[in-house]
Amino acid sequence: MVKFDSGYYPYPSQRMVTYAQNGMVATSQPLASQAGLDILKRGGNAIDAAIATAACLTVVEPTSNGIGGDAFALVWTKGELHGLNASGPSPADISIDRVKAKGHEEMPKYGLTPVTVPGAPAAWAELSEEFGKLPLMDVLAPAVKYAREGFPLSPTLAFYWEKAEQAFRSKLEGEEFAHWFTTFAPEGRAPKAGELWKSEDHARTLEKIGKTNGKAFYNGELADKIDAFSKKYDGFLRAEDLADYKPEWVNPISVNYKGYDVWEIPPNGQGLVALMALNMLKDDQFSGRDDEDTLHRQIEAMKLAFVDGEKYITEEEHMSVQTSDLLSAQYGSERRELIGDHALYPSAGEPPKGGTVYLATADSEGNMVSFIQSNYMGFGSGIVVPETGIALQNRGHNFSLDPMHDNALKPKKRTFHTIIPGFLTKDNEAVGPFGVMGGFMQPQGHMQVVMNTIDFGLNPQAALDAPRWQWMKEKTVMLEQSYGAPLAQQLTGRGHDIQVAHMSGGFGRGQIIWRNPLTGVLAGGTESRTDGSISAY
């Protein structure tokens, strides 16, 4: 059982921890969390609620995810933890030479070239079929309603929508991008906070996915539209790539951190980075969360884990080292020995051979879901397929065009992936789902949230509200302003290049739900850095 102080804690919270007994949904947008709660109240379970929330987020938070993105899930049900990897591979017709022939020396960010097979619709269908109680069409109904009738933008959403629209106007050239602007800036600008936005195309696409259990996206009318648009503008994605796709059930990976098992999806996701960092620190004792030595050791461990991740993580069959070797006690100890009193320039080791939305759900039956979904870099590729509302992801941007790199671009290969769901157990019992979305901040946020909980006893809301840091590169570390100048000066004295952020937009957005194993009471925290919301009963 996670022990935390439910009253006083050292970081003033924007919200109080939320308690409930029957069910809980925590995510970054109030309308989406309410949609998930409605499904629970209609007899659905936590899996149904997760799908409903995820689908709704494609409508009410399109700045971070969409129907054309990827997804990962950790599902606790009947005493077991299941992992689903619904990231899509590169097209069968793509290659390093063909991308370079288009004039690219690295994978581009926008357009059809970095588009990989979307996995999110398949994730919804697979989760529904395997563990859901309600028909998928019923579960997607709230999302369809918001897409068809519209919804008013929340403040944080409006800020990022306008920021993306302005960036796209300056960067996207070519008629293939026109449909993004007609879809997401129909008045010639981004909608503002409180204004209504809707998309009938999006609603019809969700209906087709629901009625066919996802098949229309991969084999039917929607697949044909994606194929035709990609062919028209010289993209690589084809109907055959969509038809061949199926998400993969995987065995989650973990490390034991001070009596708790911390779980992540195995590569190609970057959850391995969080586990490697925790593996280095699992025998350390920390005197306080704001202590100079605590942050220094956290930062150094994360740097060492990240450079290993950047070198090795890709689809597992293409990795030159084994995941188990990277997580071994021996390798963790070897990397830990590199952590001294001063900041280092990190380099990858040689182990012995041997823009995203996050949501958490729980129900009264004991089911719990950690789910994450993304188009990458906000709106993704800048491509919207006409008459569908489908905004396609740009996950292929993470591929390397160096043929000797583990993550080198190849046909039908899944790239290094930033989105990662997390889960915590103790003594083979569920504690609950957690996650921190936000590109390469995610494993850093996972480590900080886990340590806030286990090392420093913070409740779920306090664990999320506590100040965060982010390692950027080499010795550069970004601190949230709330850490204060004295700590920043102390870390500078240790050789860190400290930069203080005056906005919290780059430090991730998290959600947590813990369950009390004795009473079944749920305790939830949601992100104060965005329009985070918990719906519970």
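This report walks through one helix, two empty spaces and two loop residues of a predicted model.

**Helix H5**

Let us start with H5, which covers residues 136-149, 14 residues in total. From its first C-alpha to its last, H5 reaches 20 Å, close to the 20 Å expected at 1.5 Å a residue. Even so, H5 has a kink of about 40°, and Pro142 is at the centre of that kink.

Pro142 is also one of the buried residues of the helix. The others are Leu136, Val139, Leu140, Ala143, Val144 and Ala147. As a reminder, an α-helix has 3.6 residues a turn, so residues three or four places apart point the same way. What do the buried residues of H5 pack against? Their partners are four helices: H1 (30-41), H2 (46-60), H4 (120-131) and H8 (200-211). Just after H5 comes Gly150, with a positive phi near 95°.

**Two empty spaces**

Next, the spaces between the atoms. Rolling a probe the size of a water molecule over the atoms shows where empty space is left. Here is how the largest cavity and the second largest pocket look side by side.

| Space | Volume | Lining by class |
|---|---|---|
| Largest cavity | about 30 Å³ | four nonpolar, five polar, no charged residues |
| Second largest pocket | about 310 Å³ | seven nonpolar, seven polar, one charged residues |

The lining of the largest cavity includes Thr58, Asn65, Gly66, Ile67 and Phe184. His202, Gly389, Ile390 and Ala391 belong to that lining too.

The second largest pocket holds about 310 Å³ of space. Among the 15 residues that line this pocket, Phe306, Glu310, Asn398, Phe416 and Phe440 are the closest to its centre. Which elements each supply at least two residues of the lining? They are helix H13 (292-312) and strand S16 (469-473). The largest share, three residues, comes from S16.

**Two loop residues with positive phi**

Finally, two residues other than glycine are worth a look for their backbone angles. Lys78 has a positive phi, near 50°, and sits in the loop between strand S3 (70-77) and strand S4 (80-86). Is Lys78 buried or exposed? Its relative accessible area is 82%, and because exposed means over 50%, Lys78 counts as exposed.

For Asn213, phi is near 55°, again a positive value. This residue lies in the loop between H8 and helix H9 (215-218). Asn213 has a relative accessible area of 37%, so it falls in the partly exposed class, between 20% and 50%.

Methods: Residues are numbered from 1 along each chain as its sequence is written. This is a predicted model: local features need pLDDT of at least 70, side-chain atom pairs count only at pLDDT 80 or more; totals for chains, interfaces and linings use all residues. Side-chain values use heavy atoms; hydrogens and water are left out. The expected span of a helix is 1.5 Å times one less than its number of residues. The bend at a residue is the angle between axes fitted to the seven residues ending there and the seven starting there. Buried means under 20% relative accessible area, exposed over 50%, partly exposed in between (1.4 Å probe, protein chains only). Contact means heavy atoms within 4.5 Å. On a 1 Å grid over the protein atoms alone, a cavity is a set of points where a 1.4 Å probe fits but cannot get out, and a pocket is an open set with protein on both sides within 12 Å along at least five of seven lines; lining residues have an atom within 4 Å of a point. Grid points are joined across faces, edges and corners, and a volume is the space filled by probe spheres set on the points. Ala, Val, Leu, Ile, Met, Phe, Trp, Tyr, Cys and Pro count as nonpolar, Asp, Glu, Lys and Arg as charged, and the others, Gly among them, as polar.
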